[in-house]
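Trainee: I'm new to reading structures, and I'd love a close look at one part of this one. Could you walk me through it slowly?

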There are 2 protein chains.
Amino acid sequence: MSAEAKVSVASLPIALDAAGGDNGVAPNVEGAVLAARAGVSVLLVGERVALHAELGKYPGSAALPLEIVDAPDVIGMDEHAAGVRSRSGASINVCTRLVKDGRAAAAVSMGHSGATMASALLTFGRIKGVERPAILTHLPARGGMTTLLDAGANADVKASSYAQWARLATVYLKVLEDHDNPTVGLLSIGEEDHKGSALVIEAHALLRALHGKGINFHGNVEGRDIFLGTTDIVVTDGFTGNVVLKLAEGEARVMFGWIRDALNSGLKSRLGGLLVRGSLRGLADRMDPSTYGASILIGVRGLAFIGHGSANATAVKNALLRASRAHEGKLLPRLEVAFGEGAAPLVGTEA
Amino acid sequence: MSAEAKVSVASLPIALDAAGGDNGVAPNVEGAVLAARAGVSVLLVGERVALHAELGKYPGSAALPLEIVDAPDVIGMDEHAAGVRSRSGASINVCTRLVKDGRAAAAVSMGHSGATMASALLTFGRIKGVERPAILTHLPARGGMTTLLDAGANADVKASSYAQWARLATVYLKVLEDHDNPTVGLLSIGEEDHKGSALVIEAHALLRALHGKGINFHGNVEGRDIFLGTTDIVVTDGFTGNVVLKLAEGEARVMFGWIRDALNSGLKSRLGGLLVRGSLRGLADRMDPSTYGASILIGVRGLAFIGHGSANATAVKNALLRASRAHEGKLLPRLEVAFGEGAAPLVGTEA
């Protein structure tokens, strides 16, 4: 590949659904400004006038690699994802089309997750060999983080999907985290091979057969292993994965509330609380979902990142940086190679 | 009922599988001594000589309502649960037989959970109208605790089981926690009625139809609601429930480790740590599974409680107290009434 080609690849902007999310344009525009200052070009997709006004609050933003793309419509957080099919002017559809047309490297949205998934799937299609795209996300863990998928795209799955997701996540960690040979655990209710639901036992056999063929299969892991960081990747169905993700967030939130209460109970604790506040803040940051910014919808033929509706500017910025790294690391072509000719067949893919 | 009958019911002892668990007889005997001091009679079931020796360490234990029942065999933590069928002298089988024969009020074991479930199911049978017994457990939550089932007895389930479990748990909370009309949430991946796997959507319809008929159905809840305490009861399949339970324990454990590290990072934090230690210990106790002692296997025709293999004496004691309260509160007859003639039919039970 020529030097020009490389430069042009790296300079392709990220399309941000600037209207998406619980808090509207403000955190999106601020996140885009932060990302642009860090060298990432961004297309702000949304209602032109509102975006101009918001952008005007940042002195010097005119000099940043930011551009507004008008999209008059937005799919609200409480609307049906099916709206994606008919509303071509909706900001998320404009984002995915920019990617499809080669004018943007990736689509990023903090808006309606179902709509983002639907838009990406309809516009990009699936990578050949991938039956069902999955949401890949990260959870904090002892020693770093655990990569979990599917975090909610597929409530009902087939055994073959687990193997495909394991392979997709393996390539993802190689590209995004420089992880050479990440380990894969299958979430179950016992470490022994025969433990689990009928579906998980079937998936176990498929993953076992693929060990060493693009997947470094560790075996079954249990709920506790996600935070213990037993494996780099944990594969599970989208129902369990979504419960895991939301439980983990809920537990952290409630525990922090209890810690706060404990540090306010009496003079001694309050004094101690002042002294430990700084070091506990590091822990809070570690548990904060905005650290990773967004989850990727993996398995579609285009880059799409889906964030929390409540995302703040830091989360938006981190999502944009992550999307840019995925593009620069050629994640998509590398995923296609992993599923292309010459790749080890995924046993049972046709099942 | 006569006063004598009441006394005889209350004085029926609890059969403790004193050989079960990761740490052998020591925590079991200590827990039994603590429970006996609190007024609960206990049959210590296990190898007679070893139990005598252990009991001898507690001065005055001869005066307590403790009795040893010899059981030469024990099903080890790493053996197959199927062993229960042939090994009639195994401590857990002796415990459940004591209950079946009317010589004990309940069986309690910190040993092999699969073996305990199998032994209880084989010896007691199921309550009429209950297809699959479930493990009912408690998790700490904002404002108290959340009761979760199934925590791992059934990896594969039918929609009808959710409704049966909701009813069982409702009666359980009425008897054990004086809870008048506990709310029931169905664990799913969205609050809307149509969100979830095909199975969960079917279960939702059944629960909705039973609202007001012995079940106070709130609707779907998500992973985060378990710690937020949105409903008193959360019903889910045994695969998801087991993942939830172990994830919650693992996250709490890892977070406490990080808190400990944070309170040891630098002089200022260390000093503050000394001041807040006391109030943080209250939080640690709250997250400690030994508070509840054990989970009940609900739906069988006898009382069986299953604890953590790593249970300490406090957990054993609390399990024994809980078992005694379940018996005194006539949990089993009340569960049978809830499923007996005159009870609202559980739609789809025959499905």
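Trainee: Which residue does B:Arg87 form a salt bridge with, and how far apart are the closest N and O atoms?

Mentor: Happy to! Keep in mind that this is a predicted model. The partner of B:Arg87 is B:Glu79, and the closest N and O atoms of this salt bridge are 2.7 Å apart. Now look at how much of each residue can be reached from outside. B:Arg87 has a relative accessible area of 22%, while B:Glu79 has 34%. B:Arg87 counts as partly exposed because its 22% lies between the cut-offs of 20% and 50%. B:Glu79, at 34%, is partly exposed too.

Next, find these residue numbers in chain A. There, A:Arg87 forms a salt bridge with A:Glu79, with 2.7 Å between the closest N and O atoms. A:Glu79 is partly exposed, at 34% relative accessibility. In this chain you can also trace a network of salt bridges that links A:Asp73, A:Glu79 and A:Arg87.

For another pair, go to A:Glu222 and A:Arg224, whose side chains meet in a salt bridge at 3.1 Å, N to O. Here A:Glu222 is buried, because its relative accessibility of 7% is under 20%. A:Arg224, with 21%, is partly exposed.

One more salt bridge takes us to the place where two domains meet. Chain A is divided into domain 1 (3–130 + 299–336) and domain 2 (135–289). Their contact takes 14 residues from domain 1 and 13 residues from domain 2. Between these domains of chain A the count is 1 salt bridge, and the side chains of A:Glu177 and A:Arg322 meet in a salt bridge at 3.2 Å, N to O. On the domain 1 side, the elements that give two or more residues are strand 11 (304–306), helix 11 (313–328) and helix 12 (331–338) of chain A. The residues of that side divide into 7 nonpolar, 4 polar and 3 charged.

The two domains of chain A bury about 1,200 Å² between them, with 67% of it on carbon and sulfur atoms. In domain 1, A:Arg322 belongs to the trio that loses the most area to domain 2, alongside A:Leu331 and A:Arg334; together they make up 34% of what that side buries. There are also 5 residue pairs in polar contact between the two domains.

To place these pairs in the whole picture, the structure holds 20 salt bridges over all chains.

Conventions: Residues are numbered from 1 along each chain as its sequence is written. Chains are lettered from A and ligands numbered from 1 in the order in which they are written. This is a predicted model: local features need pLDDT of at least 70, side-chain atom pairs count only at pLDDT 80 or more; totals for chains, interfaces and linings use all residues. Side-chain values use heavy atoms; hydrogens and water are left out. Domain bounds come from an automatic or database domain assignment. Contact means heavy atoms within 4.5 Å. Buried area is the accessible area (1.4 Å probe) that two parts lose on being put together, summed over both. A salt bridge is a side-chain nitrogen of Lys or Arg within 4 Å of a carboxyl oxygen of Asp or Glu. A polar contact is a pair of N or O atoms within 3.5 Å; within protein, one must be able to donate a hydrogen and the other to accept it, and residues adjacent in sequence count only if both atoms are side-chain atoms. Helices (H or I, at least four residues) and strands (E, at least two) are DSSP runs, numbered from the N terminus. Ala, Val, Leu, Ile, Met, Phe, Trp, Tyr, Cys and Pro count as nonpolar, Asp, Glu, Lys and Arg as charged, and the others, Gly among them, as polar. Buried means under 20% relative accessible area, exposed over 50%, partly exposed in between (1.4 Å probe, protein chains only).
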